[in-house]
Amino acid sequence: MVTREEVEGWLDRLAAEGAVYREVEPGLWVVRPGGALDVDLVVHYSPPVLVLRVKVMDLPRDDGRFAQLNRRLLELNATDLVHGSYGITDNAVVLTEALELEHLDFEEFLASYESMTLALATHLRELATYREDG
């Protein structure tokens, strides 16, 4: 099984490519991918899984916008996401991926991380149209 120290080593490898991370508590890191993507991606070492999660936006209060957003998130889950899925928690849209630690390697971790950051880079402009202030 992958250890917490191995995950931190993987984060060091991401940092060598321009990401910035900090450990906010043991086994819980906040990663800033760098570049134009202005998000905090949380990496949580929680055996038997490693969870990657990012808050995308607050939910709209307008019922019509809320319904349209829910439909669009389901469409994106079905057509655009290889790793992870959009969901709703605490009045916010999140993008989440859980990886089993038992046989996880850096390549699988990197594929999930890159899939999530690519999805965000691709979808954020469209999803912003559902915001109350958008």
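# Salt bridges, a buried Glu and some unusual backbone

User: How far apart are the closest N and O atoms in the salt bridge that Asp-38 forms with Arg-32?
Analyst: Asp-38 pairs with Arg-32 here, and a salt bridge means a side-chain nitrogen of Lys or Arg within 4 Å of a carboxyl oxygen of Asp or Glu. Keep in mind that this is a predicted model: local features need pLDDT of at least 70, side-chain atom pairs count only at pLDDT 80 or more, and totals for chains, interfaces and linings use all residues. Residues are numbered from 1 along each chain as its sequence is written, while side-chain values use heavy atoms, leaving out hydrogens and water. For Asp-38 and Arg-32, the closest N and O atoms are separated by 2.1 Å.

User: Is Asp-38 buried or exposed?
Analyst: Buried means under 20% relative accessible area, exposed over 50%, and partly exposed in between (1.4 Å probe, protein chains only). Asp-38 has 60% relative accessibility, so it counts as exposed.

User: Which residue besides Asp-38 meets Arg-32 in a salt bridge?
Analyst: Arg-32 is partly exposed, at 32% relative accessible area. Its other partner is also partly exposed, at 37%. That second salt bridge is 2.8 Å, N to O, and the partner is Asp-40.

User: How many salt bridges does the structure hold?
Analyst: Among them is the pair of Glu-5 and Arg-4, at 3.8 Å from N to O. Glu-5 is exposed at 51% relative accessible area, whereas Arg-4 is partly exposed at 23%. The count for the structure is nine.

User: What is the nearest side chain of opposite charge to Glu-97, and how far away is it?
Analyst: Glu-97 sits in strand β6, residues 92–100. It is buried, yet it has no salt bridge. With Lys and Arg counted as positive, Asp and Glu as negative, and His and the chain ends not counted, the nearest opposite charge is Arg-53, at 12 Å.

User: Which residue has its backbone nitrogen 2.3 Å from a polar atom of the Glu-97 side chain?
Analyst: Start with what Glu-97 touches, where a contact means heavy atoms within 4.5 Å. Not counting residues up to four places away in sequence, the list is Leu-50, Val-51, Leu-52, His-83, Gly-84, Ser-112 and Met-116. The backbone nitrogen that lies 2.3 Å from a polar atom of the Glu-97 side chain belongs to Gly-84.

User: What pattern does the chain follow along its sequence?
Analyst: Helices (H or I, at least four residues) and strands (E, at least two) are DSSP runs, numbered from the N terminus. The chain has three helices and six strands. Read along the sequence, the pattern is α-β-β-β-β-α-β-β-α.

User: What radius of gyration does the chain have, set against a compact globule?
Analyst: The radius is taken over C-alpha atoms, and the globule rule is 2.2 Å times the number of residues to the power 0.38. The C-alpha atoms fill a box of roughly 45 × 30 × 25 Å along the principal axes. With 134 residues, a compact globule would come out near 14 Å, which agrees with the chain's 15 Å.

User: What share of the 134 residues is buried?
Analyst: Take Val-56 in strand β4 as one example: it counts as buried because its relative accessibility is 7%. Leaving aside neighbours within four places in sequence, Val-56 is in contact with residues including Tyr-86, Leu-95, Leu-120 and Arg-131. Across the chain, the buried share is 37%.

User: Which residue is joined to Pro-47 by a cis peptide bond?
Analyst: Most peptide bonds are trans. This cis bond has an omega of about 20°. The partner lies in the loop between β3 (41–46) and β4 (49–58), and it is Pro-48.

User: What is the phi of Asp-90?
Analyst: Most residues other than glycine have a negative phi. Asp-90 is found in the loop between β5 (85–89) and β6, and it is exposed, at 72% relative accessible area. Its phi is positive, near 50°.

User: And what is the phi of Asn-91?
Analyst: Asn-91 has its place in the loop between β5 and β6. It is exposed, at 60% relative accessible area. Although Asn-91 is not a glycine, its phi is positive, at about 60°.

Definitions and conventions. A polar contact is a pair of N or O atoms within 3.5 Å; within protein, one must be able to donate a hydrogen and the other to accept it, and residues adjacent in sequence count only if both atoms are side-chain atoms.
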